[in-house]
Amino acid sequence: MAKNKVAGDKQVKARLMSLERDFPNATAAALYQEGGEIFNLSQEQVPVDNGDLRQSGVLKVVRRGDGFVVLIGYGAAYALRIHEATEYDANRVEPGKDSVDGRTTGKSKFLEDPYLQLIGGIEGRLAKRAKMLLGIAGDISSLPDIKGRKKGGR
Amino acid sequence: MDYDQDIVDALDATTSLTKGTDLFMGAVRGFSNLIPYKCVFVTASGGGPTRPIKAGLSGVGIQERHASAQIRIRSDAEAVSGSFSVGQSLAREVFDALHFKPVAGYCEWRAVSSAPLYIGQNEEGQHEWSINLDVIFDI
């Protein structure tokens with residue numbers, strides 16, 4: 001648990017200034033970490049044939065106005081169709097299992113489901129992460145964009 | 001709660017669609033002598049976790065469920081003139097009939113996007129749209 005004792009107006013002012021500098025960085029890093037949990041789960045669920053769709057996945061944090069936004073998505077042109085096409089799930093191999101008879105692994109709703117699974121309680125987790133990262137996290141340039149994997153490495 | 005059935009009933013009552021003719025419950029199925037090209041499918045598709053909430057001064061515990069339904073709209077065959085625009089109009093009609101228009105017994109029906117998602121053409125060339133609906137109710 002972080003505790004800060006300050007005495008005197010100079011120390012208070014210095015502490016407030018460091019908070020002003022560090023808090024946005026900690027918030028961005030916390031968003032990045034929480035987004036990473038959703039992204040990783042999504043990478044496990046996305047259908048894989050030759051791996052192009054999975055590799056088109058991206059996670060990044062961007063500045064928007066006074067705050068930050070974490071973006072998680074898939075850039076393949078057919079990503080939306082595959083995401084919504086629930087009718088093919090019956091012929092796919094369950095995510096995380098080996099492909100059988102040349103069938104693709106994974107499932108539809110490969111982004112929506114991880115999001116719904118992990119969104120509950122996200123405010124509290126973000127606050128905890130931001131508190132832990134206060135004074136440690138670098139600025140947004142220290143958070144590299146992450147791309148999806150082609151194949152393997154579940 | 002059979003919310004997929006309730007959505008089908010609501011669409012049957014408030015749109016040009018007719019249950020069993022061009023409005024179906026369950027997974028998307030291909031064209032057959034029973035299922036036309038231009039039609040709508042409603043599927044219960046999971047949703048988010050149940051959220052415990054407290055109601056009233058007594059703090060009685062109730063649970064709010066956030067289920068989701070997927071509504072898929074399919075156009076006529078591409079060869080049919082205006083199949084895209086007719087399909088799009090149908091998708092918008094469905095959207096307008098459901099978004100923020102829950103039937104009795106539900107807290108809210110809320111589309112995830114601001115308009116039907118166009119998801120392209122299927123293998124047979126029909127255009128398709130998808131609407132994802134948050135279905136919120138207490139238990």
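1. Start with A:Gly121: right after α4 of chain A, this glycine has a positive phi, at about 75°. Keep in mind while reading that the model is predicted. Helix α4 itself spans residues 112–119, and its buried residues are A:Glu112, A:Pro114 and A:Leu116.

2. One of those buried residues, A:Pro114, also gives a handle on how α4 sits relative to α1. The C-alpha atoms of A:Pro114 and A:Asn40 are 8.9 Å apart, although 74 residues separate them along the chain. A:Asn40 belongs to helix α1, residues 9–45 of chain A. With a relative accessible area of 43%, A:Asn40 is partly exposed.

3. Now the salt bridges in chain A. Side chains of opposite charge can pair when their charged atoms come close. A:Arg129 does this with A:Glu34, at 2.7 Å from N to O. A:Arg129 is in helix α5 (residues 122–133) and A:Glu34 is in helix α1, so this pair ties together parts of chain A that are 95 residues apart in sequence. A:Glu34 is buried, its relative accessible area being 3%.

4. A:Arg129 has a second partner, A:Glu37, with the closest N and O atoms 3.5 Å apart. Again α5 is tied to α1, because A:Arg129 lies in the former and A:Glu37 in the latter, 92 residues away in sequence. A:Glu37 is partly exposed, at 41% relative accessibility. If you want to look at the whole cluster, pick A:Glu34, A:Glu37, A:Arg125 and A:Arg129: these four are linked in a salt-bridge network. Over all chains, the structure holds twelve salt bridges.

5. On to chain B, which has two helices and seven strands. Reading from the N terminus, the order is α-β-β-β-β-α-β-β-β. The C-alpha atoms occupy a box of roughly 60 × 25 × 25 Å along the principal axes. Of the 139 residues in chain B, 43% are buried. Among contacts with a separation of 6 or more, 57% are between residues 24 or more positions apart.

6. A few surface and charge numbers for chain B, in case you are thinking about electrostatics. Its accessible surface is about 6,800 Å², with 53% of that on carbon and sulfur atoms. The chain carries 11 positive and 17 negative side chains, and the centres of these two sets are 5 Å apart.

7. How much area do chain B and chain A bury between them? About 1,100 Å², with carbon and sulfur atoms making up 46% of it. Chain B puts 17 residues into the contact and chain A puts in ten residues. The two chains share two salt bridges. One of them joins B:Glu128 to A:Arg81, with the closest N and O atoms 2.7 Å apart.

8. B:Glu128 is worth a second look, since B:Glu128 also pairs within its own chain: its side chain meets that of B:Arg72 in a salt bridge (3.1 Å, N to O). B:Glu128 is in strand β7 (residues 127–138) and B:Arg72 in strand β4 (residues 60–74), so the pair ties together parts of chain B that are 56 residues apart in sequence. Is B:Glu128 buried or exposed? B:Glu128 is buried, with a relative accessible area of 2%. B:Arg72 counts as buried too, at 2% relative accessibility.

Note on methods:
Residues numbered from 1 in each chain as written. Chains lettered and ligands numbered in written order. Predicted model: local features only at pLDDT ≥ 70, side-chain atom pairs only at ≥ 80, totals over all residues. Heavy atoms only, no water. Helix = DSSP H or I, 4+ residues; strand = E, 2+ residues; numbered from the N terminus. Buried < 20%, exposed > 50% of the residue type's maximum accessible area, 1.4 Å probe, protein only. Contact = heavy atoms within 4.5 Å. Areas by Shrake-Rupley, 256 points an atom, 1.4 Å probe, with all protein chains shown as cover. Lys, Arg positive; Asp, Glu negative; His and termini not counted. Charge placed at Lys NZ, Arg CZ, Asp CG, Glu CD. Buried area = accessible area lost by both parts, 1.4 Å probe.
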